[in-house]
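Let's take a walk through this protein together. Have the structure open and follow along as we go.

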Amino acid sequence: MTILSSSWNVASRLHVRRYTGGALLGLLALVLSPLAQAAAAADIDPSGRPRIGLVLGGGGAKGAAHIGVLRVLDELHIPVDCVAGTSMGALVGGTFASGVPAEELERATSAIDWSSTLGKEGLRDRTPIERKLEGTTYTNQLELGLKDGSVVLPGGLLKTQDIEDVIRGLINDARFQRDFDHLPIPFRAVATDMVSGQMVVLGSGDLSVAMRASMSIPGAFSPVVIGEQVLSDGGMVRNLPVDIARELCAEVVIAVWLTTPEPKAEDLKSALSLVSRSMDVMIEANERAQIQTLTPDDVGIQVPMGDIGTGDFQRVAEAIVLGRAAAEAHIAELRRFSLPESEYLAWRDSVTSAEAKPVHLAEVRIQGLRQVSPAYVETQLQNLQPGADVDSRQIKEDTDRLYALGDFERIEHQLTGPPEARTMEISPVEKSWGPNFLRFDLGLSAEGSGDLLAILRADHTRAWIGELGGRWNNSLQIGRKTELATEFYQPLDQAHDFFVRPAVRYENNLQGIYFDGEQVARYYISDFYGELAVGANIGTRAQLSAGLRSGWVKTERDTGSLILPEQEKEGDSSLFLNAAYDTRDDIGLPTRGSLIYLRYVHSGSWLGGEQDYDLAEGVFTKSYPWRGDSLSLILGGGKKLAGDLPASRDFRLGGIRSFPGLRFDELRGTNYWFAGTSYLWKLADIQPLFGQALYAGLRLQAGRMTGRNDLLRNAGTFYGIAGSLNGRTLLGPFILSLGYVDNDSWELQFTLGRPIPEGSALDAIH
């Protein structure tokens with residue numbers, strides 16, 4: 001019994017120890033299980049596959065090739081666990097990480113109107129009519145600022161407003177996720193802090209802002225300012241952020257970079273080409289360092305881009321094809337990451353964002369303005385109203401309308417509050433280089449006879465004076481037509497529908513008198529007057545104005561025979577009515593849209609006036625686009641209605657724009673009509689994004705001048721034909737024309753930049 005009892009006690013103790021040990025192990029497993037699961041989720045995929053980090057390099061328009069690579073990854077059923085991108089790689093990568101499948105990303109990107117996004121396509125139609133009629137620069141788009149006696153350049157030469165709208169439209173509700181780790185696919189964008197010169201990795205905040213910061217090429221696009229950091233394109237420090245992807249999640253990396261052929265030595269002789277190449281060298285150096293970190297387990301996809309350049313956004317479709325071809329060359333390497341179809345589709349569903357729904361607005365706030373009136377901004381909002389349900393298209397329509405006002409660098413906006421009652425916070429960013437603006441312009445014109453005419457012009461505007469937004473405009477022009485003017489444009493209501501405009505102007509115009517094609521005299525016609533106009537703006541396309549003008553006019557012979565009567569300063573006071581309607585896409589060589597311009601003048605003896613005449617004048621033009629070409633029709637005419645029209649008020653025809661084949665001022669009189677048509681064949685694109693192209697033109701015209709003060713023998717109707725080479729270029733619009741008129745006049749003529757006035761309502765076309 002003792003032996004049995006002892007044996008039982010030993011067995012019992014062994015059993016208890018085994019039971020207690022099992023319970024402790026079970027309890028320990030229960031306690032540690034959540035930690036183990038978290039660790040597994042962070043470091044080890046349940047399927048046992050390595051975590052894949054996708055790295056997309058920068059390259060401007062070339063970056064569309066990344067979409068082709070994504071399409072191949074999708075077809076091979078390869079999941080992506082995190083994304084790091086720079087510049088255009090950040091745009092494509094951030095959109096993909098926000099839950100947009102590759103197929104949808106390709107469709108959306110291909111549908112983008114890059115001429116509108118990066119250029120000025122469509123901007124003029126949204127521009128307020130008073131700004132259209134104030135004039136424009138022709139030889140450049142540069143608007144300088146004047147601050148504390150110094151000239152200030154804008155932060156970027158290209159607008160960013162539409163780029164930001166495109167990004168917001170691509171990522172939709174992902175903007176509301178402030179932590180990029182919590183996007184459907186974790187994401188990082190790389191930018192460069194221009195203050196410290198260091199790399200900045202963006203992993204939180206507004207996703208659209210991070211993407212835009214990463215692709216803000218210095219000088220081209222204004223930087224993104226976040227706190228003390230001034231962020232520009234990340235390509236300067238990390239064009240291919242392989243190391244960032246490894247830090248984020250990657251056990252293996254799929255890296256995609258874009259290459260172009262090295263330039264030839266003979267192509268690197270100009271200062272501009274060397275500056276451009278220096279940026280490429282800097283980017284390629286940091287990119288090469290990252291490529292060298294790739295291991296045999298990684299996949300590096302180099303995409304040869306051929307002659308597709310950084311700015312060739314019109315070739316996005318070609319770039320996508322090249323990306324696909326490059327990825328397909330690595331199919332054997334990529335297949336090892338493929339998942340079974342069911343597993344891949346489950347992954348794809350888990351990271352695909354739902355389609356964005358309209359947002360219900362409970363409130364709309366205008367904030368951050370220092371000079372521009374919030375009430376004025378509110379009058380421009382048509383869709384964004386409290387109680388409205390709006391989608392991304394409607395939001396873009398209103399923000400585009402605000403940007404076109406001309407007062408803002410860009411329009412920032414965000415939605416806050418609960419999903420069922422959002423608050424739209426609109427923060428227009430006023431131009432940092434204002435409110436005093438300077439513009440400079442140049443015009444040249446030459447004729448086969450050897451005459452070379454030129455004008456130089458400078459314009460100053462002090463914007464947004466007072467609560468209603470008055471503007472003080474000043475101009476100085478020298479050359480063929482000298483001009484010194486100052487005016488004050490004062491809106492009378494918050495919407496700027498009505499205005500008053502006092503002005504003072506001095507003009508001195510050199511004009512010629514011809515006898516059968518030969519200039520026999522030149523006269524200076526000088527005008528000095530003050531005027532007060534009131535008017536109404538009808539949308540962005542039409543304006544009516546009326547007013548009183550009083551001053552003096554002087555006619556003085558410069559050279560040649562005494563043909564026109566010379567006159568000392570004689571008073572000229574008049575009432576005037578003006579009407580304008582303008583829908584043209586461009587003021588220099590328009591290819592679509594219409595212009596109607598009408599004026600009536602009644603001059604009398606009030607306010608010291610010594611003249612007595614009535615006149616009316618008008619012009620109509622319509623341009624029709626067709627397969628990249630353009631057909632234009634032009635009708636114009638002017639007539640003395642009553643009294644004696646002084647020689648200084650004569651209508652004039654002749655010149656490359658009004659009647660090619662005739663020289664400046666060849667036809668001169670008190671009544672005229674004109675009809676013409678022209679066809680422009682597009683020969684080649686220079687820079688499609690900015691509407692720059694070369695055209696071959698054919699023009700037919702007919703006109704008649706009566707009540708003439710010239711010495712031409714032909715008193716009937718003139719008919720003409722002209723062939724031309726036309727273009728919109730970086731230096732402005734130009735025309736090279738060879739014209740023939742049926743009075744046996746041949747004339748080779750050329751003009752570049754700002755048009756030189758030719759003396760009739762036809763000048764309003766240009």
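**From one bridge to the spaces inside**

Start small: Val-359 has Val-390, in E12, as its bridge partner. Keep in mind that this is a predicted model. The bridge belongs to a pairing between strand E11 (residues 359-366) and E12, which run in the antiparallel sense and share two bridges. In general, strands of a sheet pair through backbone hydrogen bonds, and they can be parallel or antiparallel.

Now zoom out a little. What is the order of the four strands in this open sheet? Reading across, you get E12-E11-E14-E13, and the pairing is mixed. Strand E12 (389-390) and strand E13 (408-416) sit at the edges with a single partner strand each, so one side of each has no neighbour in the sheet.

Next, look for the greasy parts. Nonpolar side chains tend to be buried together in soluble globular proteins. Here the largest nonpolar core has 71 residues, and Leu-73, Phe-187, Ile-254 and Ile-301 have the most contacts inside it. Apart from that core lies another one of 23 residues, including Leu-384 and Leu-402. Back in the largest core, Ile-254 touches residues beyond its sequence neighbours, among them Leu-73, Ile-301 and Phe-337.

Finally, the empty space. There are four cavities of 30 Å³ or more. The second largest holds about 450 Å³, and 31 residues line it, with Leu-589, Ser-678, Arg-699, Ile-735 and His-766 nearest its centre. Which classes make up that lining? It has 17 nonpolar, twelve polar and two charged residues. Strands that each supply at least two lining residues include E24 (613-626) and E31 (732-741).

Notes
Residues numbered from 1 in each chain as written. Predicted model: local features only at pLDDT ≥ 70, side-chain atom pairs only at ≥ 80, totals over all residues. Heavy atoms only, no water. 1 Å grid on protein atoms, 1.4 Å probe; cavity = no way out; pocket = protein on both sides within 12 Å on 5 of 7 lines; lining within 4 Å. Points joined across faces, edges and corners; volume = space filled by probe spheres on them. Nonpolar A, V, L, I, M, F, W, Y, C, P; charged D, E, K, R; others polar. Core = buried A, V, L, I, M, F, W, Y, C linked by side-chain atoms within 4.5 Å. Buried < 20%, exposed > 50% of the residue type's maximum accessible area, 1.4 Å probe, protein only. Contact = heavy atoms within 4.5 Å. Pairing = 2+ DSSP bridges. Lists of a residue's contacts leave out its neighbours within four places in sequence.
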